[in-house]
Amino acid sequence: MIGMGDGSCPYKFNFEPSTFKVGDTVSYRVPSLGEFPFAAEIRAVYDDYIEISDYGEPEKCLRATRESHPVVADADALS
């Protein structure tokens with residue numbers, strides 16, 4: 001298709017929780033929205049969770065689980 005580039009994803013995702021670091025891009029999900037993926041940048045890494053900011057709302061900080069596809073609570077994501 002014209003204007004679609006080569007079809008590759010513009011993000012380089014990190015799916016390995018043990019290597020998460022500030023600045024990495026992760027694909028996260030929100031339970032009430034099913035398996036729809038969102039892209040976010042990691043702002044902070046802790047032993048059992050991470051803090052992320054969605055590329056669509058970079059000023060908003062969200063707490064997410066520390067797993068290959070982090071989960072953000074509905075109350076946090078949809079407020």
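**Entry 1: the β1–β2 pairing**

I looked up S27 first and found that its bridge partner in β2 is A39. Four bridges join β1 to β2, and the two strands run antiparallel. For pairing I used the rule that DSSP must find at least two bridges between two strands. Strands are DSSP runs of E with at least two residues, helices are runs of H or I with at least four residues, and both are numbered from the N terminus.

I noted the basis of the model: it is predicted, local features need pLDDT of at least 70, side-chain atom pairs count only at pLDDT 80 or more, and totals for chains, interfaces and linings use all residues. Residues are numbered from 1 along each chain as its sequence is written, and side-chain values use heavy atoms, with hydrogens and water left out.

**Entry 2: β2, β3 and β4**

I then followed β2 (residues 38–45) to β3 (residues 49–54); five bridges join these antiparallel strands. The two form a hairpin with three residues between them. I recorded two positions in this pairing: A40 stands opposite D54 in β3, and V45 stands opposite I50 in β3.

On the β3–β4 side I found four bridges, again with an antiparallel run. Here Y49 stands opposite T65 in β4. I also checked the faces of β4: L62 and A64 make up the covered face, whereas R63 and T65 make up the uncovered one.

**Entry 3: the sheet as a whole**

I asked myself in what order the strands form the sheet. The order is β1-β2-β3-β4, in an open sheet of four strands with antiparallel pairing. β1 (25–28) and β4 (62–65) stand at the edges with a single partner strand each, so one side of each has no neighbour in the sheet. The twist averages 55° from one strand to the next. The axes behind this angle are lines fitted to C-alpha atoms, for helices over the stretch in contact, and angles run from 0 to 180 degrees between N-to-C directions.

**Entry 4: salt bridges**

I searched for salt bridges, counting a side-chain nitrogen of Lys or Arg within 4 Å of a carboxyl oxygen of Asp or Glu. The count comes to two. K21 is bridged to D24, with the closest N and O atoms 2.9 Å apart. D24 counts as buried at 10% relative accessibility. My terms here are buried for under 20% relative accessible area, exposed for over 50% and partly exposed in between, with a 1.4 Å probe and protein chains only.

The other salt bridge is between the side chains of E67 and R29, at 3.4 Å from N to O. This pair links distant parts of the chain, 38 residues apart: E67 lies in the loop between β4 and α1 (74–77), and R29 in the loop between β1 and β2. E67 is partly exposed at 31% relative accessible area, and R29 is also partly exposed, at 23%.

**Entry 5: aromatic rings**

How many aromatic pairs does a search of the whole structure find? I obtained four. Rings of Phe, Tyr and Trp (its six-membered ring) pair if their centres lie within 6.5 Å; planes under 30 degrees apart are stacked, over 60 edge-to-face, and the rest tilted.

F13 and F15 form a tilted pair, 5.7 Å centre to centre with 35° between the planes. Both are partly exposed, F13 at 26% relative accessible area and F15 at 39%. Y46 and Y49 form a stacked pair, with 4.6 Å between centres and 25° between the planes. Is Y49 buried or exposed? Y49 counts as buried at 17% relative accessibility, whereas Y46 is partly exposed at 35%. I also noted one aromatic cluster, formed by Y28, F36 and F38.

**Entry 6: a nonpolar surface patch**

I last looked up a nonpolar surface patch of about 310 Å², made by L33, F36 and L78. Patch residues have over 30% relative accessible area and no salt bridge; like charges are joined within 9 Å, nonpolar side chains (Val, Leu, Ile, Met, Phe, Trp, Tyr) within 5 Å. Accessible areas come from the Shrake-Rupley method with a 1.4 Å probe, and for residues only the protein chains shown count as cover.

L33 lies in the loop between β1 and β2 and is partly exposed at 39% relative accessible area. L78 is in the segment after α1 and counts as exposed at 53% relative accessibility. The C-alpha atoms of L78 and S32 are separated by 9.5 Å, although the two residues are 46 residues apart along the chain.
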